[in-house]
Amino acid sequence: MFDYESDEEEDEGKQDEAAVAQEQIIRVIAARDKYAATAALQKPPSTPLPESPSQEFLPIEDFEPTTLPATTTTTIMEPTTMPELTAPIEPKEHSEKSEKSVFFKIRLIGQIALDYFTNFFNRNSRDYRDVSKKLGQMKAQDKIAQQDQLRRSQAGNAATTVVDLDEDNCVPVENDRFDNRIVSQTSQLKQSSRLYRFVDSLFYYIMSRSELVCYTAMVINHLTSGSLLSIPLPLSIFLWAMLSSRPSRNYWITIITYTEAMIVIKYIFQFRFYPWNATEITEMNPLSPVNIIGINRKENAASAADLFLLLSLFIHRSILKQLGLWKAEPSTLDGSADQDAAVSTEQEISSSQTSKKKTNFYCFGPFINFCRRLHQALFVHDVYASLFFCDFINMIIVICFYSQFGERASGNNVVQTIKENKVPVAFLVMLLIQFLLIVIDRALYLRRNVRGKLFFHLFQVIGVHIWLFFVLPGITHTKFRDNVAAQFWYLFKCIYFGYSSTQVRLGYPKRIAGNFLMKKFNYVNQILYRIYLLIPFLLELRTIMDWIFTDTALGLSSWLQLEDVYSNMYLLKCSRWAEKKYPTERGVTRPKLTKYGVGGSLLVLLILLIWFPLLFFSFSSSFYQPNPPTEVNVEIKVGPYLPIYHMTAQDIDLVSFSSTDLKILRDKIDTLNADPTIKDSAYGFLRDFNYDDIRCVNLFATSVDIWDISQPVRDTVVNNLRSNLTVPVRFSYTIRRNQLDQDNSADVAAIVTGENTISITANDKHIRNALIQILNGTVDAQIAINFTILNLIPRFLHVKPKANPEEIIAFKNIFPRDYYGNITMGLNRTKTIPNSTDVWWEMSEHGNKYSYTPSCAYSTNHNYLSMLLFNDKVSPANISFLTRYGIIGLYTTFVVVVARLLRTVLQTSRTIMFYELPSVERLWHLLRNIYLVRENGMLRIEEELFAKLIFLYRSPKTLILFTKPKSK
């Protein structure tokens, strides 16, 4: 509908150097041996490269086959001899040859990359080299003319005619010599090595960008200093130099003079007789006047940054003098359009202002002229993608290193603070401001408000320098030159300011359509764009902002539909590009590399997803950490009353199992005459534990508390015993463990409890009578009354991370008589103090004949009770977020969700008519026309074209005709 040339169309028909280098690398990697790799390099690309006078340096042309080995050329000329060379190779020789082929491919890839960068530097420094060559020719001609004039003046009148004829013939000879010298230098450069050509191109590229080198040196100088002395340097760059087309000679003279003065001032204040250099007290304060001004003492008076800045300024001045730009004013070098604009601006001002206003205008004339020229730039460049990237990197730096930008959080880690559900207010404010700046920048870009961008740029430059060099050091109590994160943040911000200045100077593009990744159609841009689509809410934010800040007749729903269609068309266009670039023959089976490479990888991925929970819990147990108890409390109660026995085991009473004890336990299980299934169950339980996971708990037999009971409670217990009521005896235990990490606090319980209850029935007459006698106080001091409670203490317990301890069923079956211990208890009193009424309970396992007792247990001593605790390992903090759900939880959350998502992706039958379009060129141009008429304010045509697009998607027959490939 509209005839225009877009960047996308140029990229479609033109294969740039990056694409050529990429294809060469792909062909080299896909080659089977070094001969095929060399042949792949010499093979021309499948898509013909159009000749362009603006591109003189192409990787294919610069890659000279003469630099390859001679055997390579011979092999290519005689391909029939290759099988004879490769047939008799032994396996070892074949592996050595494959290794050599790999190194050869790496060398070829390095050569391709070196040639690409050489051509890139040559292309970007071509203007500088052409001007230098032309100036050299002009200087040589001037020198020849001067010599000719000198010889003419010295010649005699008699031989004037003869000499003139000879000298006239000598002038072209000298010119031919100069041209021959240039040609010889060029041919000599082409015959030199790749490394030399790369260094030569890099040198000329740096010389052609000497202005940017000076700007970089100024920023680096301020990075290392961060003081008032160096702050005028970056401010002069972003507030004047980069906003103008070319800084004048006065600017560079001012910068050179100021740099020399700054170095002298720094050197003068290095002597120790100044008060602030005598001590280092004020040196630690970042807001002290000495540190703010930048006159503090340093080890080296003249830093490398100062010398580098001065050297770059002198080199740039010499380059300007060599090119004849040092004395020329920028106004004389501007284009005719700029001159006409300046003249028309002056005429408008002179005609509309009075004489009094002219006097006021004279002071602000340069600034007003600059603002009026913002919309009159001849060349427009879109750098919004670079601006967004710099802001995004700065946001990442703030998130990762917040402790160096705000108040010191606990642990100096904002991630740990967020895990504790605590978000610092300063951290939130910084992120919101950063996000707001991105939104404002996007709004100015969409509205193409260059003047608004100018004021926004000035505000950011001044605000950032005030906050970063005068406010932030007071918050963090750290000098800027010692704050590494702030230096990196400022470095990316300076890159942002450079691009922002370029955008202000050149203006915004007239047509803004699509994402910056949509300007080329290849695998790299397609993958990057798909990653961009996967970022949550990023596409939605961009789409809604575009609709808000763009003049359009479409509603929000229609705008969302248009953006969705545009995104799908781009992906389809990339797919069609890949099909044309790498076509597949019809009726030919797919290669095994594709089937077993791509298909096999997907099959392995699906199998891993299905068995992931089982594999994860099976192999992750080897990374688990031991979680032994640190304290065990035991109580014995008779009925629901006060305990008669209380003891705590800590430190030396919790003895670790040894490998010998574990081996003896396994041998003991093997020697027992038990059913094989019972033995296998016991072995299976022990398989999950190492010797350091088992602890022996040794409890002192004497209670730590003096036993005391009130008379009403005593009478109640005695009445219960005499009435033949069942009286429970409870053996309760509390196990305490330390949490290894705060992150797995939800997976490990610090305290777990359990108990074992034995009932005293009416048949236990001996126990009842002994308790009645003890409670009634009829015990003689010379007679000890003891009674035994059977199966009261469990000797083996399984301690889990979160649940209460459980009895080990496998050990119950393998040790039916030894699993519980019988406790003999009695009341004891002191015999050394007369008339003492203090009594206490004593317990004993004496009389139990266990078949297995480890060396760490003190139960052989009458003064101790012992238990064995088998403690489960706990997962580390880095994988605890998966282990806390368990196997069933992972299957119901992770595996099922991934399966449903994968099923949704694979069910493409309903979208075949929209995604299997043979040719999307017409649809693509229709979408581009919609953007074009919108940019030109033709909103009615925009609605009509969008209605046409909707009609195409509603009419399958029309869509088939519209996407039909063009006939050849």
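**Notes on a predicted model: sheets, helices and two positive phi values**

1. Seven bridges join strand S1 (residues 631-638) to S2, and the two run antiparallel. Within this pairing, Glu 635 of S1 has His 646 of S2 as its bridge partner. Bear in mind that this is a predicted model.

2. The S1-S2 pair belongs to an open sheet of four strands, ordered S2-S1-S5-S6, with antiparallel pairing. Strand S2 (643-650) and strand S6 (751-760) are the edge strands; each has a single partner, so one side of each lacks a neighbour in the sheet. On average, neighbouring strands here are turned by 10° against each other, direction ignored. As general background, strands of a sheet pair through backbone hydrogen bonds, either parallel or antiparallel.

3. Another open sheet has three strands in the order S7-S10-S11, again with antiparallel pairing. Its edges are strand S7 (786-794) and strand S11 (839-844); each has one partner strand, so one side of each is left without a neighbour in the sheet. The average turn between neighbouring strands of this sheet is 35°, direction ignored.

4. Strand S10 (residues 820-829) pairs with S11 over six bridges, in the antiparallel sense. Met 825 has Met 843, in S11, as its bridge partner. Helix H32 (residues 765-776) lies across S7, S10 and S11. The helix runs at about 115° to S7.

5. Asn 791 deserves a look. Its place is in strand S7, one of the edge strands of the three-stranded sheet. Phi of Asn 791 is positive, about 55°, although the residue is not a glycine. Asn 791 has 40% relative accessibility, so it counts as partly exposed.

6. Arg 448 should be checked alongside it. Phi of Arg 448 is near 55°, also a positive value in a residue other than glycine. This arginine sits in a loop, between helix H22 (425-447) and helix H23 (450-476). Buried or partly exposed: which applies to Arg 448? Its relative accessibility is 23%, so Arg 448 counts as partly exposed; the cut-off for buried is under 20%. For context, most residues other than glycine have a negative phi.

7. Helix H8 (residues 126-154) passes a simple length check. At 1.5 Å a residue, its 29 residues should span 42 Å, and the end C-alpha atoms are 42 Å apart, so the two agree. The buried residues of H8 are Arg 126, Tyr 128, Arg 129, Ser 132, Ala 140, Ile 144 and Asp 148. Charged side chains are on that list, including Arg 126, Arg 129 and Asp 148.

8. Now the chain as a whole. Its secondary structure comes to 39 helices and 12 strands. Of its 968 residues, 38% count as buried. The chain exposes about 55,900 Å², with carbon and sulfur atoms supplying 60% of that area. Among contacts with a separation of 6 or more, 77% are between residues 24 or more positions apart.

9. Confidence needs a comment. Mean pLDDT is 78 for the protein chain, and 75% of the residues reach 70 or more. Over residues 1-14, pLDDT stays under 50; the model has 31 contacts beyond four places in sequence for this stretch. Residues 160-171 also stay under 50, with six such contacts. Where pLDDT is low, the predicted coordinates should not be read in detail.

How values were computed
Residues numbered from 1 in each chain as written. Predicted model: local features only at pLDDT ≥ 70, side-chain atom pairs only at ≥ 80, totals over all residues. Heavy atoms only, no water. pLDDT = per-residue confidence, 0-100. Contact = heavy atoms within 4.5 Å. Buried < 20%, exposed > 50% of the residue type's maximum accessible area, 1.4 Å probe, protein only. Areas by Shrake-Rupley, 256 points an atom, 1.4 Å probe, with all protein chains shown as cover. Pairing = 2+ DSSP bridges. Axes fitted to C-alpha atoms, helices over the stretch in contact; angles between N-to-C directions. Expected span 1.5 Å × (residues − 1).
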